[in-house]
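Visitor: Could you pick one part of this model and take me through it closely? I'd like to see how its pieces fit together.

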Amino acid sequence: SRTIIKLAEQVFVMEHPALVLISLPSRAHSQRPPLGLMTILAYLEKHGIRTELIDIKVNDLQIVELNSPRAKEIEDQILKKLRTFKPKIVGLSAVTHEVEYVNELAKRIKQEVEAKIIVGGQHASLAADDFIFPESAVDFVVVGEGEESFRELARAIMDEKPLESFEQIKSIVFLDKGKLFRTALRPLIEPLDEVPMPAYDR
């Protein structure tokens, strides 16, 4: 019986996603699915990277203000799921008014799981310095179209490659020994059919 329990534990560990994408509490009132994250998820899984999406929705259309008690409740649910998933990588997306919140959320995530945190989205692409600075809990920013850069970055993290080798990954920003690195921009994906449909089943 001990052997069976041990095998069951091994299977459970194997099923942990390598990467978890998070839709922020400020989007919990919207019934619109997070298409950008769902597209990234589909692309990663197409390339063999097991990924999960945390997208918690509320039952009404009342806006969830960041740093409100309601947002805190949703954040606690997100962190609980992360403790279950135990991912190596966590992905977040932010627009301008969410920058401070995302930086604080990244700190909380680091307290709960040992994961590298990647931020993408409009603001990160325009002002990566708002996320990448000494003492920041954010490890990497993906600039611009994220599918292929996210895939390469995730694979490098999973393979535990040395940080200096990350300079070869295009369209990312990170710190190494206190020095800020902005790698060359990546061309847009061509043909666009290489990008799968968003993962509506998740």
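Guide: One convention before we start: axes are lines fitted to C-alpha atoms, for helices over the stretch in contact, and angles between N-to-C directions run from 0 to 180 degrees. Also keep in mind that this is a predicted model.

Let's take the sheet and what sits against it. Seven strands make up an open sheet, and reading across you get S2-S1-S3-S4-S5-S6-S7, with mixed pairing. The edges are held by S2 (51-54) and S7; each has a single partner strand, so one side of each is left without a neighbour in the sheet. Averaged over the sheet and ignoring direction, neighbouring strands are turned by 20° against each other.

Start at the S2 edge. Strands in a sheet pair through backbone hydrogen bonds, and the pairing can be parallel or antiparallel. Here S1 (residues 19-22) and S2 go for the parallel sense, over four bridges. Among the bridge partners, Leu 21 has Leu 53 in S2, and Ile 22 has Ile 54 there. Although S2 is an edge strand, both of its faces are covered: Thr 51 and Leu 53 are buried on one side, Glu 52 and Ile 54 on the other.

Now for the helices at this end. H2 (residues 35-46) lies across S1, S2 and S3 (89-93), and runs at about 165° to S2. H3 (residues 69-85) lies across S1, S2 and S3 too, again running at about 165° to S2.

H2 is worth a pause. At 1.5 Å a residue, its 12 residues should span 16 Å, and the end C-alpha atoms are indeed 16 Å apart, which agrees. There's a long buried run in H2: Leu 37, Met 38, Thr 39, Ile 40, Leu 41, Ala 42, Tyr 43 and Leu 44. In an α-helix there are 3.6 residues a turn, so residues three or four places apart point the same way. The buried residues of H2 pack against S1, S2 and S3, and also against helix H6 (147-158). After H2 comes Gly 48, with a positive phi near 85°.

Back up a little along the chain, to the loop between S1 and H2, and you'll find Ser 26. Its relative accessible area is 10%, and the cut-off for buried is under 20%, so Ser 26 counts as buried. Leaving out residues up to four places away in sequence, Ser 26 touches Val 64, Leu 66 and Glu 98.

Now hop over to the other edge. S7 covers residues 179-182, and Arg 182 lies in it. Setting aside neighbours within four places in sequence, Arg 182 is in contact with Ala 128, Asp 129, Ile 172 and Val 173. With Asp 129 there's a side-chain to side-chain polar contact, at 2.2 Å. If you want a distance along the way, the C-alpha atoms of Arg 182 and Val 142 are 9.9 Å apart, with their positions 40 residues apart along the chain.

Last stop, the aromatics. The model has four aromatic pairs. In one of them, the rings of Phe 174 and Phe 181 have centres 5.3 Å apart and planes at 15°, so the pair is stacked. Both Phe 174 and Phe 181 are buried. Ring pairs also tie Phe 140, Phe 166, Phe 174 and Phe 181 together into a cluster.

How values were computed
Residues are numbered from 1 along each chain as its sequence is written. This is a predicted model: local features need pLDDT of at least 70, side-chain atom pairs count only at pLDDT 80 or more; totals for chains, interfaces and linings use all residues. Side-chain values use heavy atoms; hydrogens and water are left out. Helices (H or I, at least four residues) and strands (E, at least two) are DSSP runs, numbered from the N terminus. Contact means heavy atoms within 4.5 Å. A polar contact is a pair of N or O atoms within 3.5 Å; within protein, one must be able to donate a hydrogen and the other to accept it, and residues adjacent in sequence count only if both atoms are side-chain atoms. Two strands pair if DSSP finds at least two bridges between them. The expected span of a helix is 1.5 Å times one less than its number of residues. Buried means under 20% relative accessible area, exposed over 50%, partly exposed in between (1.4 Å probe, protein chains only). Rings of Phe, Tyr and Trp (its six-membered ring) pair if their centres lie within 6.5 Å; planes under 30 degrees apart count as stacked, over 60 as edge-to-face and the rest as tilted.
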